[in-house]
Amino acid sequence: MRSACTAGLLGLLLGTAQVGAQVGAPTRALSDAVAINQLGYLPGAAKWVVLPAEAAGEFRVVPLGSDEVVLRGRAGPARRWAMSGTRLRLADLSALSTPGDYELRADGQAPVRLRVAPDAYAALTAGALKAFYFNRSGTALEARHAGPWARPAGHPDTEVLVHASAASAQRPEGTRLSAPKGWYDAGDYNKYIVNSGISVYTLLAAYEQFPALFKAQQLNIPESGNELPDLLDEVLWNLDWMLAMQDPADGGVYNKLTNLGFDGNVMPHQARSTRYVVAKGTAAALDFAAVMAQASRVFKPFEAQRPGLSARLRDAAVAAWQWARANPQRVYKNPPDVRTGEYGDSQFGDEFAWAAVELFLSTGDAAYRDTLKLAALPVRVPSWGDVMGLAWVSLAQHRDQLAPADAELVTRRVGEFGQQLAATWQGSAYRLSMESASDFVWGSNSQALNQALMLIQAYRLSGERAQLDAAQSLLDYVLGRNPLGMSYVTGFGQRSPMHPHHRPSAADGVDAPVPGFLVGGPNPGQHDQAHCPVRYASQLPALSYLDHGCSYAANEVTINWNAPLAYVSAALQALTPPTR
């Protein structure tokens, strides 16, 4: 008999509070229903709720099981949100700051439960990080850590072949290499350096900025209780693999470790295709250099626990940088016989800038700083293909290592970018900075969360409350305050994805998907429609979503989408004042 996840079991797995129960996820607009953050709110957070346009009367908030009104008001004027075509009203519940379980009652609407708690996102942060454990390659997941999602080991990757595209005099085609560990990148079983770059960076940035939160956190992974915080233990699982992807002969980095084609919906131990390391590339080398430099400074205080690790990471970063400088335009393209993800990029200015920033901050060598023209660098929302924003995040965190004029420039430029996003949020019918169809790209939920990440950098510099509130609204969006009325994180919320494009979730015989994964979200490109037996309900940007295992364009999971989920959840937990 197939078993299903329960909220209590997920809480037990994480050692954290319970989350909402799993139910099926609709994919049509809920224009006649209330849309709310289904996990709840911190006491001092902004609390916006979306009501149907018809809800023109009074709303009331009462404690659960009581009729005593603790907050009452009227929603704002009816407005149309172009991204969904729906008309709505916004209700501001921000004055509700006393922890507890409540019910929102609006005239003509079914009551909706909401929660206010000082630890509102503790379970979410832990779940988002635990998802990386669930996607570990090369190891068995034991029931004491994984519950019903326990599985045998797959892909040891100790006998990986050098593909013809990666062959060199020292390592000719067919040479056998060992590159174990790492995370499965997404719904498939391959491992990619480029996407690992932004993923590892975002997790380490979270640790750099909020170390106290993560030092106190327990994820119930095999390393829990050792000498390192669990987040760093989890990151090391991937860093160990990344280090094995560097060619010691020249410092270059292979783009990926992969099958020639994607596996079917089988479990890892059932996928036994030959694995290869495939061609080196400039993007892979620079992403590797940036992350290794960052990791070298993060692990430096743990020299007693991991002797020599910081220096090894630094040396690997320098070698990769030198290779990239000698090969500044090595564009990766899949060889004809390789049909797995490409992560192709042909513009490397952002990667060079990011790597230079990380190497300067970690080594103090002015030669790296001198390669930058800081005033000319744009500030943008980061993604795997555009990592310029990550350079600004690190510069903002380490302004004390900059010349005064550069520190002032960073503060001003990051602040201005945050003000732009907050102004869009302020004017939005939905109270979101996601106001353009161009925001609803493949992985639009990560676009939302990376906007939040940049807003948080600006807030940390300026203290402007609108920037924090705009970031909160973006987390609200992925947790249920959206036109589909669903939380986009598996296992979290009253209505969340049940059929992500994720091979273990499809093949493990467990009704509930592996919890803690953020799915890509609405994607009007609908790149997978020809391969799906069901049709998207709409082509409107915020409605173009399928909760179906066929949908790699809207319902896949990836490590670079989960990383900003963990970051934003933790940052809001750490930064939100206890009262407004």
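In this predicted model, helices α12 and α14 cross in a left-handed manner. The two pack with their axes 9 Å apart, at an angle of about 60 degrees, where α12 covers residues 404-427. That angle is why α12 counts as oblique to α14.

Who meets whom at this crossing? From α12 come Gly415, Gly418, Gln419, Ala422 and Trp425, and they meet Ala466, Gln467, Asp469, Ala470 and Ser473 of α14. By character, the residues of this contact split into four nonpolar, five polar and one charged.

Now let's follow the chain past α14 (465-478). The loop between α14 and α15 (503-507) holds Arg481. Is Arg481 buried or exposed? Its relative accessibility is 0%, so Arg481 counts as buried.

What lies close to the polar atoms of the Arg481 side chain? Here are two backbone oxygens, each with its distance to a polar atom of that side chain.

| Backbone oxygen | Distance to a polar atom of the Arg481 side chain |
|---|---|
| Tyr430 | 2.7 Å |
| Arg431 | 3.2 Å |

Tyr430 and Arg431 are also among the residues that Arg481 touches, and Leu432 is another. Setting aside residues up to four places away in sequence, the contacts of Arg481 also include Ala35, Ile36 and Asn37, then Trp48, Val49 and Val50, as well as Leu90. Ser473 and Asp476 complete the list. Ser473 links the two parts of this story: this residue of α14 takes part in the meeting with α12, and Arg481 touches it too.

Definitions and conventions:
Residues are numbered from 1 along each chain as its sequence is written. This is a predicted model: local features need pLDDT of at least 70, side-chain atom pairs count only at pLDDT 80 or more; totals for chains, interfaces and linings use all residues. Side-chain values use heavy atoms; hydrogens and water are left out. Helices (H or I, at least four residues) and strands (E, at least two) are DSSP runs, numbered from the N terminus. Buried means under 20% relative accessible area, exposed over 50%, partly exposed in between (1.4 Å probe, protein chains only). A polar contact is a pair of N or O atoms within 3.5 Å; within protein, one must be able to donate a hydrogen and the other to accept it, and residues adjacent in sequence count only if both atoms are side-chain atoms. Contact means heavy atoms within 4.5 Å. Axes are lines fitted to C-alpha atoms, for helices over the stretch in contact, and angles run from 0 to 180 degrees between N-to-C directions. Angles under 35 degrees count as roughly parallel, over 145 as roughly antiparallel, 65 to 115 as roughly perpendicular and the rest as oblique. A crossing is left-handed if the near helix is turned anticlockwise from the far one by less than a right angle, and right-handed if clockwise. Ala, Val, Leu, Ile, Met, Phe, Trp, Tyr, Cys and Pro count as nonpolar, Asp, Glu, Lys and Arg as charged, and the others, Gly among them, as polar.
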